[in-house]
Each structure stands twice: as C-alpha cells, then as structure tokens.
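Student: Hi! Could you walk me through this structure, starting with the helix angles?
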Amino acid sequence: MNLMLPLSVFSKLQMYMTLLWIMFLSGCQNTEEKEIVIISTNDIHGRIEQFSKLATFVKRIKEEHPNVILVDAGDRFTGNPYVDHAKEKGFPIISLMNDLGYEVGTLGNHEFDFGQKILRARINDATFPIVCANINSSRGELDSIPPYYIIKKDGIRLGFLGLVQTGADHIPSVNPEQLKDITFDHYLDKVADYRSLKQQCDVLIGLTHLGVDEDSTLATRMPELDIIIGGHSHTLLKTPKEVNNVMIGQTGLKLQYAGLTILKFTKGKLTERSYQSCLIDTITRVDSCITRKVNYFMEQPEFKEVIGISSLPFKSQESIGNIVTDAMLRSTVSDFAFYNQGGIRLSALPQGDITLETLLSIEPFGNHIVLHDLSLSDIKALILNRFNQDGHVIDLYVSPGSYTIIQDQQGKGTDVILKD
C-alpha cells in the first residue's frame, strides 16, 4: 500500500527534520566547548595565616567552575617563623597546600634556604609534583627534579614547564653552601630543549620564578608558550601583561592576591584566555578547618616565649633596621655595621613584650654576621653598588650615623657622604 502525502506536508516534515539535525549538531558543538580555570599563587613566603582565606576563595571558584587547577610559582618558604622554625622546617605550608589540592609547583630561590635534605623531604611530603627545567641536581642530595608536568583535565592537556632565576654567579639568589653538587642553566638556554613540548599539549604554560622582566624576555624567545604564571619580582599584575602574544600573570607576594586564569577551548583548541589578580586579603568568612590547622602551627609554645621588652613603639621598617645594625655593632668589634633592607620583614614593632616569634619575624633568614676590613672608598663602593643595582633606592641600613648619596642627572649614585 503506497501512502501519498501532500507536497505541503512533505515540505513541513523536511523542514522539521532539518531543524532537528541543526539542533543535534549544535548540541554536539556545545559539548566540544570546554573551560579550564587556573588559580595561581607565588611568593607566599610562609604566610600560612592567609590560607583559610585562600581556601574560601578556591572553594568559591570550584563551585562556579567544574575544572579548576591550583598551581604555585615558587618561594613557599622563608619569611614566617611558624614555617621556617617549625620542628619540620617548611612542613606547615606544604601540609596546607596538600589540603587545598595544589596540582603542580615550581622551585623558587628560597626553596633552597633550609638545605637540600629538607627540601627533598618537603617535596616528598607534597602530594603535587615540583618541576624545574634549568636545574641539574641528580648528583646532589636533592636528587633529580622533573622539568615539566602535564595535567589532563576534562580531556584537555595542560603542560607546565618550570624555570627558576639565576644571577651573575649562575645560581639562584641563595647561600651557595646549600647548592653542593647542583648546577643551573640560564633559563634561555633551555628554550630550544622544550619547544617541542607544545606538540604534546593543548596549552603550554611557563610556571616560572624569574621575575616579570625575565618573563617578558622568555615570552619573546619562546612564543610556543601560551601563558606564563610567574613569581620572584613580587609584581602585582592586576591584569595580564601581553608580550609576543604570551599572556603573563603574577600576584605580588604573601598571599594578598591569587591569580585567576580562565582558558576556553573549542574542539581542543585554545580560543580564549583571560587573567586577573583577585584580592583575597579582605575575605572574612573563612574555612574553619583550615583555620584550626593554621592556629595549631602558630600556637606552638616555643614561639610565645618572652625574650625582651620594647619601651617604645617602632613605627617604620627603617627604625627596626637600625635596631638590627645596632645589635650587630655591639656584638662585634667593628666600626660600622650594614644590613640590607630586604632582610627586614617587619614594618612596625609595638611597645611591650618581644617574643621569639617577633624576633624571628624581624629577620627570618638566619643570616650570619660577616666581618670585612674595608677602606673608606670600599664602604662608599658598597653603598653605591647596592643603590645603583637596586633601582636607585637606598638599600643598606647602617650603624652608627647615616649617609647621603650624591646623584647625577640620571639618578645614578656617584658619591657618598658619611655622617656621624
């Protein structure tokens, strides 16, 4: 039996089938659009007090986005007595990072401050890998560090290439005694070795501890990178820096901000990217479980021991620096004592009891006093060297007396006047 349909009915059926097919194709296309969110930190410097706020921020982002990766760009240690002088040095911050679900990190120069044995123990404690491509540590106590790590999230492959800064002495800014049997390559010398890594990934990310200027140079030399998540220079980039079509982000220091990178993919290809630094310092409703753990680390009784009294408040970092140089002078038979500004990590000291945690917070690095025989011209050269290398900023506290730097029209220091 043949069923004959009027032409108008057939045309309508054909139109409906076409519409259904278009809707089906649209649905298939939507399933191929994916989004990955990266939360990043850098230069935490032991600031565990901020972790309950960070935990709240991470939870909020995960509630809004299904695919979230948490990463760190180095300098997790040094700057906080509860981390630096814990029974297991550095462990408190690694334990908290494990709780928050970090998935990859890189080495900063301060990761080496406790020595290779302790660094290896903390890397072993971490539930996430630490990567660095320009370290050669297989012969050292630290042992080998992988150069990169690939995370697969919702079918998207994200490659994280780690790099750490090196100075004129070809090592990171750390006590060379901590680097026995370890050598480092300049980060630009590793670019050629990892260009092909792009072929293994849908997005290639530099997870670096180089500083924002060096990140810009890296972007120029390695356009295979899609993104650089950086640290070391303590630069707060509220919005991204774009260099050679590479997006660069960095969040300052001490966990006041967290980076938020949003990547969108269509059919596995990166089609959209954005970055912003998000203020977390003002978060008030914090994670109670993380808060309890932080309080446990901070309330160890040895930190509360009173070791002195301040009869007056000290309201500036300079005044605290003067205390340090005065103490150095009195503990040695010297004419002058100098201490660099970056080593002083408190900006105020209230009147009253001085506890061990306060003292350790002033100067967290455990630096040693070194004695040198210097002529007047040597002292001037020391001051000018620091001034001209540090962006024309006075960097050295001194005891006794003070000094004035004479500058040329370009701001370069040319002479020093010492005053009693």
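Tutor: Sure, definition up front: angles under 35 degrees count as roughly parallel, over 145 as roughly antiparallel, 65 to 115 as roughly perpendicular and the rest as oblique. They run from 0 to 180 degrees between N-to-C directions, with axes fitted to C-alpha atoms, for helices over the stretch in contact. This is a predicted model, where local features need pLDDT of at least 70, side-chain atom pairs count only at pLDDT 80 or more, and totals for chains, interfaces and linings use all residues. Residues are numbered from 1 along each chain as its sequence is written, and side-chain values use heavy atoms, without hydrogens or water.

Student: At what angle do helix 2 and helix 4 cross?

Tutor: Roughly 15 degrees, and the axes of helix 2 (residues 51-64) and helix 4 (residues 91-100) come within 10 Å. Helix 2 and helix 4 are therefore roughly parallel to each other. Helices here are DSSP runs (H or I, at least four residues), and strands are runs of E of at least two, numbered from the N terminus.

Student: Switching topic: what's the strand order in the open sheet?

Tutor: The order is 4-3-2-1-13-14, six strands with mixed pairing. Two strands pair if DSSP finds at least two bridges between them. Strand 4 (130-131) and strand 14 (269-279) are the edges, each pairing on one side only.

Student: And how many bridges join strand 13 and strand 14?

Tutor: Ten, in the antiparallel sense, with strand 13 covering residues 257-266. Ile-262 stands opposite Ser-274 of strand 14.
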